[in-house]
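Me: I've got a model open and I'd like to know where the labels people put on it come from. Could we go through some of them together?

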Amino acid sequence: MFTQKSPLTRSSVFASMLLLMFTFNVWLFASADESNNPQAKSDKEKNLLKMSIEELMEVEVVSASRQPQKISQLSVPVSVITAEDIHYSGVTTIPEILQFAPGVDVRRRDRQRYIVGVRGLFGTFSDRTLILIDGRPAIEPIYGTTHWENLPILIEDIERIEIVRGPVGAAWGANAFTGAINIITKKPSQCLGGLVSSTINEFGDTYTHLRYGHTQGQWSWKVSAGYEDVEDSDVAGAGKYFSGVITLMDTTMGFNNFETRDWGRFWKFDTQAEYRPDDQTHWSFGAAHSSGQEGDYEFIGVFPRRDILTEYTRMFVRMDYQFDTDTSAYIQWFGDHWNTHCKVLTERVAYMENDIEAQINFKHADNHTISLGGNVRLNHFLMRNQSSTDEYIFDRNKYNEHWMGFFLVDRWHATDRLTLEGQIRLDNYSETTTDWSARFTTLYALDEQRNHIIRAGFARSFRSPSVAVRRGTASYLQAPVIGGLFLTQRSPDGMDNEGTYSLEAGYTGQMTENLSLNMDAYYQRMERLIGVRNVTNPFTGVTTSTFDNVNGATSWGTETSLAWQHRMGKITAWYAYNALTTDEFAQITRSLSPAQHKTGLSSRWYLNENWTFNTNYVFQNGIDMFTSVVKDPHSFHRLDLTLSRRFAKDKGELMIGVMDILNQTTAPVACTGNLTAHETPGRMFFARLQLKF
């Protein structure tokens, strides 16, 4: 089915924005004059008293070792993006906020689809960075990708995002190969009352979020619902195509007549509940759903021009129990159900994933903390093809697979200054083999106050091949006599897990009351990387691609960040150098190398009790892929500016801003399997109105 979107004109968009401004003014003048309310003024002054650097160093994160730890004393580098960072950025997609964090590579393929990775080797079908929501995997296991646009999560429901840089498989299992990104959502008790948020931009894109939370007795609950409508690049004033093939093939295959279809409409729903029958027991429940309809794209020269329809459901039940002050445990079940019709890859794919996981934390001695646990995961896959050509074909229609994993984390405060941490995990996957992950770290405080801490560590992780790589074949672009011009086949000898180990060092320091410094360095060796071996027949021109463990790679780099925090504002500046070389020239890893040079600057200023000004800037240099993709990713700068005003005793907020002010359009980004790519819009003005009740 082909759906033609009726584009909004610029005049209608700006009329909507003027209507939004008018609504804001009516609300403003109808509300009480807060300047005459001492209590409201006092509350705002408290909000301006933001956390000091010392308090920030005490913030706890969970992604480094599956248990709360102070951010200044972690065994692996972790960056935290707070709810406030997300809110004042004005963005409505998670990848766009991730690009402002050190060491994270983000490229936008089109207006819907992003490729994201930590320290490189990232791509459309590369799951070397593990994506989690509240510690639960959010990667589609068939093709090994995260569909960011389909995640059933609303941007204002995020409490924080923890970005782990470096192999962290000892804590989270397979595919935390170069790092992990853990999206932690707000609990119902943090979302009491109602929220209405609506964003509109000059292209006609809209993003609406409704939420209500309530507590009564031992229960707390929240319900969120949202709708997002995104216009395609042509409507937004971009969309020019680039082709990586010769001009004659452009005309023959019709590449020169392509029109963008990167529009999308998404309904999202999320509900969570908490039940605390006593001081020791905490039950939590959740169900989330996303329903999406979006345009398709070109893949290996095939462009069906049929809408992609996706239904995605996530559910969980969890019980936490506090035995005493030193001992706690939890057990949880979570399940995912994914169903998509995507003719450009496979007519229909679906999977159901069920996972049971348990963990216990206790003190072996006064300065000795241990966490141990494990999980069992069952996956059921269903595939259906419409044709034997121009689709990804699986050797069976149904598969059943299982995982089992066990982990142990041991943290020992040997002295007041010396801390040792060991993590080890063993995983068994029914389709490959038993494999292991580990991390061993030493932390040493240079002063008695523990304001300056150095870290040295070793880590080992692995990545398992996705279902499509192990089970799939394809024949694309049919031609008379010779058959498909591009053939894809799996390795006749099967594939092994990828493996990696890293050596790491770091420093975390509180330089003054308002200034902190973080420096990290690493060397990472990767073995048995899964890629493609291409062989082209010189007589027929047919290219045969075989998935296999091709060869290895080596990466190294440094990341440095400097943060200044004051009650009236904050500034964060960072620089990352992430280098990677493969063992073979132009080795095809089905992914992109990291941008070697990345830098960013973010600031937020509380101009007075009501006004806040926020800036986010990032630069990533171009990536030389040596012909393994049809177009090398370009260098880019991005600068976002937002200005927001609170009103009606903090019950309302109006934000206006401009995204990517430096670029009218952004250059095309091609990834694995693309013979074409198109530019996307850059500079974009928007307005957002939020009301709380």
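**Asking where the labels come from**

Reply: Sure! This is a predicted model. Let's start with an open sheet of five strands, which run in the order β3-β8-β9-β6-β7 with mixed pairing.

Me: What makes β3 and β7 edge strands?

Reply: Each of them, β3 and β7 (136-137), pairs on one side only.

Me: How do you know that β3 and β8 pair?

Reply: Two strands pair if there are at least two bridges between them. β3 and β8 (residues 158-165) have five bridges, in the antiparallel sense, so they count as a pair. For one residue of the strand, look at T82: its bridge partner in β8 is R160.

Me: Why is S79 called buried?

Reply: Buried means under 20% relative accessible area. S79 comes in at 13%, so it gets that label. You'll find S79 in strand β3 (residues 78-82).

Me: And what makes the pair S79 and R165 a polar contact?

Reply: The cut-off is 3.5 Å between N or O atoms, with one able to donate a hydrogen and the other to accept it. The side chains of S79 and R165 make their contact at 2.5 Å, so the distance is within that limit. Leaving out residues up to four places away in sequence, S79 also touches P102, I161, E162 and I163, as well as R165.

Me: Why is F693 called exposed?

Reply: Exposed means over 50% relative accessible area. F693 has 58%, so exposed it is. F693 sits in the segment after β38 (684-692). Together with V196, L210, Y212, W221, V223 and F269, F693 makes a nonpolar surface patch of about 610 Å². β11 (206-216) and β12 (219-230) each supply at least two residues of that patch.

Me: What makes R305 partly exposed?

Reply: Partly exposed is the range between the 20% and 50% cut-offs. R305 has 33%, so it belongs there. R305 is in the loop between β15 (281-294) and β16 (308-324), and it has a positive phi of about 60° although it is not a glycine.

Me: Is D660 buried or exposed, and how do you know?

Reply: D660 has 5% relative accessibility, and under 20% means buried, so D660 is buried. D660 is found in the loop between β34 (652-659) and β35 (665-666). D660 isn't a glycine, yet it has a positive phi of about 50°.

Methods
Residues numbered from 1 in each chain as written. Predicted model: local features only at pLDDT ≥ 70, side-chain atom pairs only at ≥ 80, totals over all residues. Heavy atoms only, no water. Helix = DSSP H or I, 4+ residues; strand = E, 2+ residues; numbered from the N terminus. Buried < 20%, exposed > 50% of the residue type's maximum accessible area, 1.4 Å probe, protein only. Contact = heavy atoms within 4.5 Å. Patch = residues over 30% accessible without salt bridge, like charges linked within 9 Å, V, L, I, M, F, W, Y side chains within 5 Å. Areas by Shrake-Rupley, 256 points an atom, 1.4 Å probe, with all protein chains shown as cover. Salt bridge = Lys/Arg side-chain N within 4 Å of Asp/Glu carboxyl O.
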